[in-house]
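Here is a quick walk through this structure, from its strands to its ligand. Have the coordinates open as you read.

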Amino acid sequence: MYISPKKLLSIILVQVQGLTIYRLIASLRGQVVEIREASDRDMVQVKNDLFRTRGKADYQYDPKVINIVAICREHVVGFGQLVNRLEGIGLYGGFWIHGLYVRPRYRRMGIGNMIASELIDRAQHQGAEEIHIQVEETNRPAVILYHELGFSDKHDSETKMFLDRIFEQTGKRYVFMSMPISDSIRSR
Ligand SMILES: CC(C)(COP(=O)(O)OP(=O)(O)OC[C@H]1O[C@@H](n2cnc3c(N)ncnc32)[C@H](O)[C@@H]1OP(=O)(O)O)[C@@H](O)C(=O)NCCC(=O)NCCS
């Protein structure tokens with residue numbers, strides 16, 4: 001099986017990032033990370049540098065969405081969104097975390113956790129009682145991170161039927177996870 005040099009580097013990076021020594025060196029290098037609500041300028045970086053969607057339409061302000069970025073040395077190294085779908089119905093209603101992403105070389109330093117925690121805090125301040133995410137079942141880093149934050153998988157029959165339908169349409173298995181906000185804030 002052919003593995004491109006880029007893919008090989010990424011496999012090695014993931015292995016190295018799992019080592020305690022990597023995180024120790026990263027913390028000794030003093031990577032100061034700021035978590036903040038994204039400015040218009042930050043969103044340009046998110047689009048052009050983080051997700052490399054240069055050329056696609058610019059982000060349009062949406063009062064139902066809060067964009068959070070992680071900044072290191074004036075560069076966006078991580079991103080996540082809180083989406084308020086209180087007016088939505090069914091499984092996709094309520095507050096959702098979307099688009100959580102950390103630049104590969106900055107992973108395993110706690111940045112994903114910090115962004116998600118900020119999104120949960122923001123949801124609480126908006127009066128949310130529960131928060132949800134949808135994640136691919138095979139996405140181990142994200143599944144572990146969300147479980148650590150206090151999310152648990154939804155197994156009710158409506159969710160199961162819905163996820164089976166998505167699987168039939170896309171060939172991808174997703175899990176829905178939810179967390180009661182008040183409990184999560186207390187336990188952190
Ligand atoms: C998922 C993602 C955001 C995690 O970001 P991160 O900054 O590396 O996460 P953190 O450093 O905060 O990790 C917190 C915990 O999650 C778990 N975790 C994260 N990455 C892991 C990995 N590759 N393997 C095993 N556990 C992992 C660990 O328990 C970790 O704690 P530890 O480092 O003290 O052991 C990042 O891997 C990413 O951007 N992935 C691609 C995009 C994506 O899949 N987003 C999720 C969409 S739902």
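## The sheet

Start with S3 and S4: these two strands run antiparallel and are joined by seven bridges. This is a predicted model, so keep that in mind throughout. You can follow the S3–S4 register through a few pairs. Gly78 has Val102 of S4 as its bridge partner, Phe79 is matched with Tyr101 in S4, and Arg85 is matched with Gly94, again in S4.

On to S2, which pairs with S3 in the antiparallel sense over eight bridges. One spot to look at is Ile66, which stands opposite Leu82 in S3. The two strands S2 and S3 make a hairpin with two residues between them. In that turn, Arg73 has a positive phi of about 45°.

S4 and S5 are a parallel pair, joined by two bridges. Here Phe95 stands opposite Ile131 in S5. Zoom out and you get an open sheet of seven strands with mixed pairing, in the order S1-S2-S3-S4-S5-S7-S6. What is left without a neighbour in the sheet? Strand S1 (33-37) and strand S6 (152-153) stand at the edges with a single partner strand each, so one side of each has no neighbour there.

## The nonpolar core

In soluble globular proteins, nonpolar side chains tend to be buried together. In this model the largest nonpolar core has 36 residues, and those with the most contacts inside it are Ile97, Leu119, Ala123 and Ile131. At least two core residues come from each of these elements: helix H3 (40-50), strand S2 (65-72), strand S3 (75-85), S4, H4, S5, H5 and strand S7 (174-180).

Leu119 is a handy place to centre the view. Leaving out residues up to four places away in sequence, Leu119 touches Ile68, Gly80, Leu82 and Ile97. Two of these names should ring a bell: Leu82 is the residue in S3 that Ile66 stands opposite, and Ile97 is among the residues with the most contacts inside the core.

## Around the ligand

Which residues are the closest to the ligand? They are Arg107, Gly112, Asn113, Pro141 and Leu145, out of 20 residues that surround the ligand. Strand S4 (94-102), helix H4 (111-125), strand S5 (130-136) and helix H5 (140-149) are the elements that give two or more residues to this shell.

H5 provides the largest share of the shell, with six residues. Sorted by class, the shell has twelve nonpolar, four polar and four charged residues. S4, H4, S5 and H5 also turn up in the list of elements that each supply at least two residues of the largest nonpolar core.

## Two domains

The domain assignment splits the protein chain into domain 1 (1-30) and domain 2 (32-187). Eight residues from domain 1 and six residues from domain 2 make up the contact. On the domain 1 side, the elements that give two or more residues are helix H1 (5-17) and helix H2 (20-28). That side of domain 1 divides into three nonpolar residues, four polar and one charged.

And how many Å separate the centres of domain 1 and domain 2? Taken over C-alpha atoms, the separation is 23 Å.

Technical notes: Residues are numbered from 1 along each chain as its sequence is written. This is a predicted model: local features need pLDDT of at least 70, side-chain atom pairs count only at pLDDT 80 or more; totals for chains, interfaces and linings use all residues. A residue is near a molecule or strand if its C-beta atom, placed from the backbone, lies within 6 Å of it. Helices (H or I, at least four residues) and strands (E, at least two) are DSSP runs, numbered from the N terminus. Ala, Val, Leu, Ile, Met, Phe, Trp, Tyr, Cys and Pro count as nonpolar, Asp, Glu, Lys and Arg as charged, and the others, Gly among them, as polar. A nonpolar core is a set of buried Ala, Val, Leu, Ile, Met, Phe, Trp, Tyr and Cys residues joined through C-beta atoms within 7 Å. A residue is buried if 20 or more other C-beta atoms lie within 10 Å of its own, exposed if 12 or fewer, and partly exposed in between; C-beta atoms are placed from the backbone. Two residues are in contact if their C-beta atoms, placed from the backbone, lie within 7 Å. Domain bounds come from an automatic or database domain assignment. Two strands pair if DSSP finds at least two bridges between them.
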